[in-house]
Amino acid sequence: MNADRLLASLQSLDSVAVAFSGGVDSTVVLAAALRALPADRVLAVIAVSPSLARTELIEARQVAADLGVELVEVRVDELDVPGYRANAGNRCYFCKHTVLSAVSELAVQRGIAHVATGTHADDRRALHRPGLRAARELQVVEPLADAGLGKQEIRMLAAAWSLPVAEKPATPCLASRIAVGVPVSIGRLGLVERAEIAVRARLADVGVQPRDLRVRLLGNGFAVELDDLAHAALEALPGLTAEVLIELNGIGLTGAGRVGTYRSPALAPATGDSAVAS
C-alpha cells in the first residue's frame, strides 16, 4: 500500500522538519512522521508572512496542537525578493525558495536531518509548478510524491487517520489571487485578505457558506469566484451580486468587478496593469 511506503520512507529519515501550512497535504506528512518517528524527532514549521492569511495561521496552530507536535513559526518576507514582487509567472519559485531556505536553516539549528514538504504525485505531473525547482535545489524530500500518493489518496488517508483537515479545501497563499504581471505588494495582499473576509461575512448573513472562495485582483478590475453551490445561491438572491461588488469597491477594489464560478488554475490569469492601489 502507498500508505505503508509513506511510513517506511519517513522512518528512513531519522528526523524531519515538515514545512507545514495546515492544509491536508502537509498535515498528512506531519501525521505520518509522528507515526513513523519518535515525537522528539519531528518538527512542524510554518512560514509567517504577509501572504499567509491570519485565519490560516490560527487553523494551522490548532491542527498542530491537536496532533501534539511542536510548531515553530518562522518569519519570512518574500516581498524582499524582486522576482517574487515582479510576479512574472515564476513567483512560486521565489516564494518556495525563501520559505524552504528558512525552514532548512531552522532544521540545521535544531539538529534535524531533513526538511519535507507536502508535494504529492499530482503536483509532479502538473505542467507548471516552479516551486518544485526550489525544493530540488534545496534537497527537500517529498514523501507523498515518493510514495506515489495523489490528492484523492491523501484525502482518503487523512480521513482514515481522522485528521480534521481531511475535507479542507485547497487554500493557496494570498499572492495566488494576484494576476500574473501585476506586481505583488503588501497593500494588494492585505486587500485580498480583507475582501475575502468581507465576502464570506456578507454571504453568511444570507445563510451561504462557500467551500471555495477567491477574490482575484486583475489588471483591469477584480473577480469574485465561488464554488458552484455558493455561486448558484448568490445568483438566486436578487440584487446580492451587485451589493457584494459595491461593498468590495468600498474597501478599495477598483475597476470593473464580476462574480463567477471558481476554477483552480495553476496561475492567476495574466492581464495588464493593475487597477488597484498598492
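Throughout this report a residue is called buried when its relative accessible area is under 20%, exposed when that area is over 50%, and partly exposed in between, with a 1.4 Å probe and protein chains only. By that rule Y93 is buried, at 12% relative accessibility.

The structure is a predicted model, in which local features need pLDDT of at least 70, side-chain atom pairs count only at pLDDT 80 or more, and totals for chains, interfaces and linings use all residues. Residues are numbered from 1 along each chain as its sequence is written, and side-chain values use heavy atoms, with hydrogens and water left out.

**Confidence**

The mean pLDDT (the predictor's confidence in each residue, from 0 to 100) is 92 for the protein, and 95% of its residues reach 70 or more. Over residues 266–278, however, pLDDT stays under 50, although the model has 43 contacts beyond four places in sequence for this stretch; contact here means heavy atoms within 4.5 Å. Where pLDDT is low, the predicted coordinates should not be read in detail.

**Rings and charges**

A search of the whole structure finds one aromatic pair. The ring centres of Y93 and F94 are 5.2 Å apart and their planes stand at 80 degrees, so the pair is edge-to-face. The rule behind this is that rings of Phe, Tyr and Trp (its six-membered ring) pair if their centres lie within 6.5 Å, with planes under 30 degrees apart counted as stacked, over 60 as edge-to-face and the rest as tilted. F94 is partly exposed, with a relative accessible area of 22%.

Y93 also takes part in a second arrangement, since the charged end of R133 sits over the ring of Y93, 3.8 Å from its centre. The charged end of R35 likewise sits over the ring of W161, 4.1 Å from the ring centre. A charge sits over a ring if NZ of Lys or CZ of Arg is within 6 Å of the ring centre and within 35 degrees of the ring normal.

F94 is in turn in contact with V81, which also touches T98 when neighbours within four places in sequence are left aside. V81 is placed in the loop between β3 (71–75) and α4 (82–86), where helices (H or I, at least four residues) and strands (E, at least two) are DSSP runs, numbered from the N terminus. V81 is partly exposed, at 22% relative accessibility.

**Two loop residues with positive phi**

Most residues other than glycine have a negative phi, and most peptide bonds are trans. The table lists two residues with positive values.

| Residue | Phi | Loop | Relative accessible area |
|---|---|---|---|
| D14 | near 75 degrees | between α1 (2–11) and β1 (16–19) | 42%, partly exposed |
| S162 | near 55 degrees | between α9 (151–160) and α10 | 64%, exposed |

**The second largest pocket**

The second largest pocket has a volume of about 420 Å³. Of the 19 residues that line this pocket, the closest to its centre are T55, E56, E59, T171 and R200. Two or more lining residues come from each of α3 (54–67), α10 (186–205) and β5 (213–218), and α10 gives the largest share, four residues. On a 1 Å grid over the protein atoms alone, a pocket is an open set of points where a 1.4 Å probe fits, with protein on both sides within 12 Å along at least five of seven lines, and lining residues have an atom within 4 Å of a point.

How values were computed. Points joined across faces, edges and corners; volume = space filled by probe spheres on them.
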